[in-house]
Structures are given as C-alpha cells and as structure tokens.
Amino acid sequence: MGWLPLIAFSRSVGVPVTATLSRSTFTGLRCKECGQPYEAGARHVCEDVCFGPLEVVYDYEAIKSRVSRATIEAGPTSIWRYRDFLPIEGEPIDVGTGFTPLLKAYRLARRLGLTNLYIKNDGVNMPTLSFKDRVVSVALTRARELGFTTVSCASTGNLANSTAAIAAHAGLDCCVFIPSDLELGKVLGTLIYNPTLMAVKGNYDQVNRLCSEVANTYGWGFVNINLRPYYSEGSKTLGYEVIEQLGWQLPDHIVAPLASGSLFTKIRKGFDEFIKVGLVDEKPVRFSGAQAEGCAPIAQAFAEGRDFITPVKPHTIAKSIAIGNPADGPYAIDIANRTGGSIAAVNDAEIIEGIKLLAETEGVFTETAGGTTIAVLKKLVEQGRIDPGETTVAYITGNGLKTTEAVADAIGAPYTIEARLDSFQAAWARAQGHHIAS
Ligand SMILES: *Cc1c(COP(=O)(O)O)cnc(C)c1O
Ligand SMILES: [Zn+2]
C-alpha cells in the first residue's frame, strides 16, 4: 500500500480532502503462521491457506527514514505520537488515549525487596480507564477507514466500555456483547454511552463464539474479531511508551496480565520494532505473565511445559482477564520461554491482597487484573525469579473503581461520628488503638 492518495478513503469530518499523500507506513496483512499476504481489509484469519492469525505488515525502511526520537517527542501526548507504527491511513480518532504515567514505585519496591520497580498505570487511561482504550482507538479509526458504520465487540467488560465510549465520540453505531455476570461498574460504564448492550447468559468464550456468528451474518466491524489485526496493534504503544519514559531504554523485566495473551505479545512486538528502527539499543528483556488461578490455561500449559492450550471454564473475581480459550496463548508461552520469563497464577484472595498492596504503597487503585499482576509480581520475587536490582515494569491495565465488589468486604469501614470535637476525639482514639475512658 505505502503512499496512497488519501482521497481514496472516506473521512467522517466535513473537511474537503485534497490530493495529499497518505502518511501510511503499513503495507497490508500477513499470516503469522505461513506468511501468506492479504490486503488490508476486515479479516483476521488465513482463509486461503492455514487459518492462522493475520498480522499487520509495515515498511520499516519508510518508518526509519521518517521517525526519530525527536519527531516522536514533538508529537501529541497520546498514542498518536507513534502513528507511523500504527495501521491507519488518515486522521486518527483522538480521544487522548495513551501516554499514561510510569511511576517509580519506591514504597512497593521496598515492601517486595526490589530496588528498581516501575508501575505503568493504564488505570488512568482515556477515555475509559483501561488499556483497552489503546486497542479501540486504533480499531475504530481503521473501522471508519474501511467504511463501517456499526461497530461491535465481544468483551470481558473493559472492551465494552471503551468501544461504546469511542464509538459515541466518533458517531458510530455500537452494539456490544458481554457475559451477563459482569461487575456493575463495567455494565454501567458501558450503558452510559447508550450503545445496544447484549448481556449474554454464558461465559466470555460463549460470547465470543456468538459474536463470530454475528460477524459473519451482519456487516459490522468487530474490534476483536474481523478488525483484530488492527486492534491488537494498539497494545504495542504500551511497549513504546515504557521505552520512552525510561529515557529511551528497555527495561530488564516486565510483568503483565494475560487474557487472550494479545497484550503480552504486542508489548514484545513494540520493543522489537523500536530496536529494528534504531530508536533503542537492544538488550534482553524477560517477559513474565500473570493469570488468575480460576482461569489459568496459559499458566497451566507453561507449568507443564506444553506449547498448546487446554481450554478451561473460568471461575474467578478477575473477570476482565477470564478467557478460557486464549487465542494468543501459545505465542505468550513462547515469549516467556524464549526470554527467560515465567507465567504464574494466583488465587482470588491473593488478587485482593495485590489490589490492597498497590493502593496502600503507591496510591494506585487497580481492578482485579492489576491485583493479579501485583500478586504474581510478589510471587515471582519470592521464587527468586526477579533479580532485586533489575529494572522491572509491572503493567497495571485497569481501574479499581470499576470492580469495587471485589474488595468491598476486604477493606475497613469509616468511623461514623457526630459533628462535635469530642465525638471525633473518641473515634480518633479508637483509631489509634488507644483505650478510651469516656
Ligand atoms: C483485556 C484486558 C487485559 C488483557 O487482554 P489480552 O486479551 O491478553 O490482550 C488485561 N487487563 C485488563 C484490565 C483487560 O481488560
Ligand atoms: Zn496461513
């Protein structure tokens, strides 16, 4: 594809399109397994040959000639500063997604016995407080370019929030599908944008199967089905940002949650691309993944030395990462093995402790997926799998205010007092653990 006249692509804004050249640097799609090339349409499997997943292909020479640290630093403080690495041709749908804080986690590090720990906080991503805003910003930009007017997704919660919100902003019709047992915050955080919301009686894997049928029957753009090659590229920005925020360096070790495994594999792709175009010096980075014991098909395969996934039925409070049949599981296992990382699982009690630990030490309130990541980080330190001094980045992918049910019974209650000083003093004394004689 390369340099195409922009006029060939529809734009939803009323600006007259002159015959300028596209800045697009992606050249099409390709099967990740057999290499078969495909045009850059709405497709995600290698229909002609092997049914493997399709991936976006770029012209890295073109990117290299156009991009430098300086051009990126001069770009917007959003994922679109990396637009030459993303599969869009025209103007992005820009809702301020990305460039979330990378916090040096001094207090959590000390608690765990580490000295060089960072938290990448996508719990404050825009517009819907999870990492899914990255993938949806890219997918819906591409959906609009491909002429879709209705967009959809199969979601474990955060994806529905993000798709509904960004579709609203872009003026696209939206119908999203979730399992019917999701947290109130995830349901409400979708409905407020007024999409059509289908709560399916079943788990995510059943929702996903239904959506594949709907995608084949209706002409909709499903961000994580027929638009999946574009959608998944959005996760690479979590790799780029960490490199840039570490002062144009790679970390030594990353820990990230695994649902389908896509996020994990795309952080790796992001690192590899910045090495390839000379934006960062190559060095080994270990990749470790986090799952909940109640849905740990990737961690189980890793522990048993398998390279294939045996699907499971999810039962965990970490609903946002509860995918029983993860599409990118084998690729995630391969990355963990090749980089000397690990994939581990923690139980629901440990997840709650992880949420509380991050909140108490760093002032970051994450959802269950983030609690899983912190609990696995702690476990890996205890197992000696993380060196105390290595630069470690834990990816926090969602916000705790969406899953308050998970911690409601595990935190304190307020002291309810009269609006009088003596009432306060009595409560304060109790709070200090002092005996009070009233
Ligand atoms: C979707 C999601 C993930 C991981 O998704 P992948 O399918 O592995 O890319 C992680 N954390 C949260 C909070 C999510 O919503
Ligand atoms: Zn193929």
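This report describes strands, sheets, loops and one surface patch in a predicted model.

**Strand E7 and its neighbours**

Strand E7 spans residues 173-179, and six of its seven residues are buried, which leaves the strand mostly covered. Strand E6, residues 150-154, runs parallel to E7 and is joined to it by five bridges. Within this pairing, Ala154 has Phe177 of E7 as its bridge partner. The connection between the two strands involves helix H5, residues 158-170: E6, H5 and E7 form a right-handed β-α-β unit.

E7 also pairs with strand E8, residues 196-200, in the parallel sense and over five bridges. Here Ile178 is placed opposite Ala199 of E8. Helix H6, residues 184-191, belongs to a right-handed β-α-β unit together with E7 and E8. In general, the strands of a sheet pair through backbone hydrogen bonds, in either the parallel or the antiparallel sense.

**The six-stranded sheet**

An open sheet of six strands follows the order E4-E5-E13-E10-E11-E12, and its pairing is mixed. Its edges are formed by strand E4 (102-104) and strand E12 (343-346), each of which pairs on one side only. From one strand to the next, the twist averages 25°. At the E4 edge, three bridges link E4 to strand E5 (residues 117-121) in the antiparallel sense. Leu102 stands opposite Lys120 of E5 in this pairing.

**Strands E1 and E3**

Strand E3, residues 54-58, is mostly covered, with four of its five residues buried. Its antiparallel pairing with strand E1, residues 26-31, extends over five bridges. Gly28 faces Val57 of E3 across this pairing.

The table collects the strand pairings described above.

| Strands | Sense | Bridges | Residue pair |
|---|---|---|---|
| E6 and E7 | parallel | five | Ala154 and Phe177 |
| E7 and E8 | parallel | five | Ile178 and Ala199 |
| E4 and E5 | antiparallel | three | Leu102 and Lys120 |
| E1 and E3 | antiparallel | five | Gly28 and Val57 |

**Helix H9 and the loop after it**

Helix H9, residues 237-245, is largely enclosed by the rest of the structure, because eight of its nine residues are buried. The buried residues include Leu238, Tyr240, Val242 and Ile243, and also Glu241 and Glu244. Just after H9, Gly247 adopts a positive phi of about 80°. Trp248 likewise has a positive phi, near 60°, although this residue is not a glycine. Trp248 lies in the loop between H9 and strand E10 (253-257). With a relative accessible area of 9%, Trp248 is under the 20% cut-off and therefore counts as buried.

**Further backbone features**

Phe99 is a non-glycine residue with a positive phi of about 50°. Phe99 is located in the loop between helix H2 (69-73) and E4. Its relative accessible area is 25%, so Phe99 is partly exposed. Elsewhere, Met126 and Pro127 are joined by a cis peptide bond with omega of about 5°. Pro127 belongs to the loop between E5 and helix H4 (132-145).

**A nonpolar surface patch**

Tyr415, Ile417, Leu421, Phe424 and Trp428 make a nonpolar surface patch of about 540 Å². Of these residues, Ile417 is situated in the loop between strand E13 (392-396) and helix H15 (421-431). Ile417 has 38% relative accessibility and therefore counts as partly exposed.

Note on methods
Residues numbered from 1 in each chain as written. Chains lettered and ligands numbered in written order. Predicted model: local features only at pLDDT ≥ 70, side-chain atom pairs only at ≥ 80, totals over all residues. Heavy atoms only, no water. Buried < 20%, exposed > 50% of the residue type's maximum accessible area, 1.4 Å probe, protein only. Pairing = 2+ DSSP bridges. Right-handed = clockwise from strand over helix to strand, strands pointing away. Patch = residues over 30% accessible without salt bridge, like charges linked within 9 Å, V, L, I, M, F, W, Y side chains within 5 Å. Areas by Shrake-Rupley, 256 points an atom, 1.4 Å probe, with all protein chains shown as cover. Salt bridge = Lys/Arg side-chain N within 4 Å of Asp/Glu carboxyl O. Axes fitted to C-alpha atoms, helices over the stretch in contact; angles between N-to-C directions.
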